[in-house]
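User: I've got a structure open and want a quick tour. Can you walk me through it?

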Amino acid sequence: MNRALYAAATGMAAQQQTLDVVADNLANADVTGFKRATATFASLGGDLGTAPAGVRRLFEQGKLEKSGGPFDVAIEGEGFFSVERDGRRAYTRAGAFARASDGALRDAEGWRLDGVRIPADATALDVGADGRVFVTLANRARQEAGRIRLATFAAPERLRTAGSARFAATNESGRARLVTPGAEHGPKLVFGALERANVSIVESMMAILSAQRAYEANAKGVQAADEMQRIANNLHRG
Amino acid sequence: MDGIELMAGAMHAAQARLDVSAANLSNLSSAGFQRRIAHATLGERGLSVSSSIDRTQGPLERTGRVFDLATVGGTLFVRDAHGNAIPVRSASLTLDANGALLDERGRALLGASGALRASAGATIDAQGVVRDAGNVTGRLRLTPGTSVESGFLERSNVDAVHEMVDVLSAQRAFETAQKALSAIDEARAKDVNDVVRVKA
């Protein structure tokens, strides 16, 4: 039984998984509202090596960036936009919406934002920090066109990933609770801005380098264990 | 104990040292892991290897998650499946739908009195006081004199370079013992063959 060989192999697999997760973060570094993930590991005890303890998504706030879209809105604080498509519900922090032909606000993939309907003759839009949406009509009249409420969860980290920046509720996350933005201590809406992915390129690069070094170290362990086994096997020839 | 047994024991010992180093290396990324140190002792039955745990504090890494907790000077406690309070130095906790904070193995974080409840917007200060929107909602169970670092995890205390040196040294020790074993074996073979030839 060559325990070192197997322990070192679990170490190589762990670093490989770390690289996979970091690569996915980097690939989505320009996706609005993307939340980075991190792989965690725990010891198997004794000389047995390590095992994955799950991939965790980190919902820390991304940087808000001024944007030029017709109906871009970002969340400052916790919560998600509640969106729907083909009867399926999802939650996202990507607020790049546009007026669709049916008057609803939809994102580029057709997901509809709850609670807002834009009249056909609207010429301008704005959103207050409290989520109220106003439109300016062709005749310069201003009217309210709905209100954006945000979905919050008891355990947001237990949401299921359903697309690069969309999430779905699970039993572990709890059901969505709708809150009105703009309250003290609560989330706020920022009109004319989008939330960038919370991926730091520099930190990702550092993570890649350190995973690569750790992979090499474990590969050396595999090599040493293999070499020693070879020597032991050759003992017989004297 | 003859030379061949002694050298075989030395090869076993080198293998045991490699097992320890390989397990340490594989846990370079396991948060809170504490490395084991191999000790070789030469006794009447040859070389034997035992190991102990190196309790030095690993470096604290900033993660920015409120529910990643590291401790300095003591421990916090989680409750395992049997209801026992287990001391831990660092824990990456997630909320479940009931507001309990669970670590990677599903063990609940303990408060000063029973399980702790928190919400997604909670903060935890250095004394282990949990606040939600400014109001105190609980307190962590801690050993006296412990300070809590929220947003940090204790990294593994394995030093890759150190372990690599151990791997190489175990490998060389194994080779040396094997060479010596072969030399003894050859010498004996010669003895036996020569004796046989003289008699013939």
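User: Let's start with the largest pocket. What is its volume?
Analyst: The largest pocket has a volume of about 1300 Å³. Keep in mind that this is a predicted model.

User: Which residues are closest to its centre?
Analyst: R36(A), T38(A), E203(A), A207(A) and E61(B) are the closest to the centre. They belong to a lining of 49 residues.

User: Which elements give two or more residues to the lining?
Analyst: From chain A, α1 (3-27), β1 (37-43) and α2 do. From chain B, β3 and β15 do.

User: And where does the largest share come from?
Analyst: From α2(A), which gives nine residues to the lining.

User: How does the lining split by class?
Analyst: It has 18 nonpolar, 16 polar and 15 charged residues.

User: E61(B) caught my eye. What does E61(B) form a salt bridge with?
Analyst: Its partner is R155(B), with the closest N and O atoms 3.7 Å apart. The pair links distant parts of chain B, 94 residues apart. E61(B) sits in strand β3 (residues 60-62), while R155(B) is in the loop between β15 (152-154) and α2.

User: How accessible are those two?
Analyst: E61(B) is partly exposed, at a relative accessible area of 35%. R155(B) also counts as partly exposed, at 33%.

User: Switching topic. How many salt bridges does the structure hold over all chains?
Analyst: The count is 30 over all chains.

User: Why would side chains pair like that?
Analyst: Side chains of opposite charge can pair when their charged atoms come close.

User: Give me one in chain A. What does R142(A) meet in a salt bridge?
Analyst: The side chain of D126(A), at 3.0 Å from N to O. R142(A) lies in strand β12 (residues 142-147) and D126(A) in strand β10 (residues 122-127), so the pair ties together parts that are 16 residues apart in sequence.

User: Is R142(A) buried or exposed?
Analyst: R142(A) counts as exposed, at 51% relative accessibility. Its partner D126(A) is partly exposed, with a relative accessible area of 25%.

User: Back to chain B. Which residue forms a salt bridge with D2(B)?
Analyst: R188(B) does, and the closest N and O atoms are 3.3 Å apart. These two are 186 residues apart. D2(B) is in the segment before α1 (3-26), and R188(B) is in helix α2 (residues 160-199).

User: What about exposure there?
Analyst: D2(B) is partly exposed at 30% relative accessibility. R188(B) is partly exposed too, with a relative accessible area of 35%.

User: Which residues are linked in a network of salt bridges?
Analyst: R3(A) and D47(A), together with D19(B) and R36(B), are linked in one.

User: Last topic, N198(A). Where does N198(A) lie?
Analyst: In the loop between β18 (193-195) and α2 (201-234) of chain A.

User: Buried or exposed?
Analyst: N198(A) is buried, because its relative accessible area is 9% and buried means under 20%.

User: What lies by the polar atoms of its side chain?
Analyst: The backbone nitrogen of R36(A) is 2.8 Å from one polar atom of the N198(A) side chain. The backbone oxygen of L58(A) is 2.9 Å from a polar atom of that side chain.

User: And which residues is N198(A) in contact with, leaving aside neighbours within four places in sequence?
Analyst: One run is F34(A), K35(A) and R36(A). The others are L58(A), F59(A), E60(A), Q61(A) and G62(A). R36(A) is also one of the residues closest to the centre of the largest pocket.

Note on methods: Residues numbered from 1 in each chain as written. Chains lettered and ligands numbered in written order. Predicted model: local features only at pLDDT ≥ 70, side-chain atom pairs only at ≥ 80, totals over all residues. Heavy atoms only, no water. Salt bridge = Lys/Arg side-chain N within 4 Å of Asp/Glu carboxyl O. Helix = DSSP H or I, 4+ residues; strand = E, 2+ residues; numbered from the N terminus. Buried < 20%, exposed > 50% of the residue type's maximum accessible area, 1.4 Å probe, protein only. Polar contact = N/O pair within 3.5 Å; in protein donor to acceptor, adjacent residues only side chain to side chain. Contact = heavy atoms within 4.5 Å. 1 Å grid on protein atoms, 1.4 Å probe; cavity = no way out; pocket = protein on both sides within 12 Å on 5 of 7 lines; lining within 4 Å. Points joined across faces, edges and corners; volume = space filled by probe spheres on them. Nonpolar A, V, L, I, M, F, W, Y, C, P; charged D, E, K, R; others polar.
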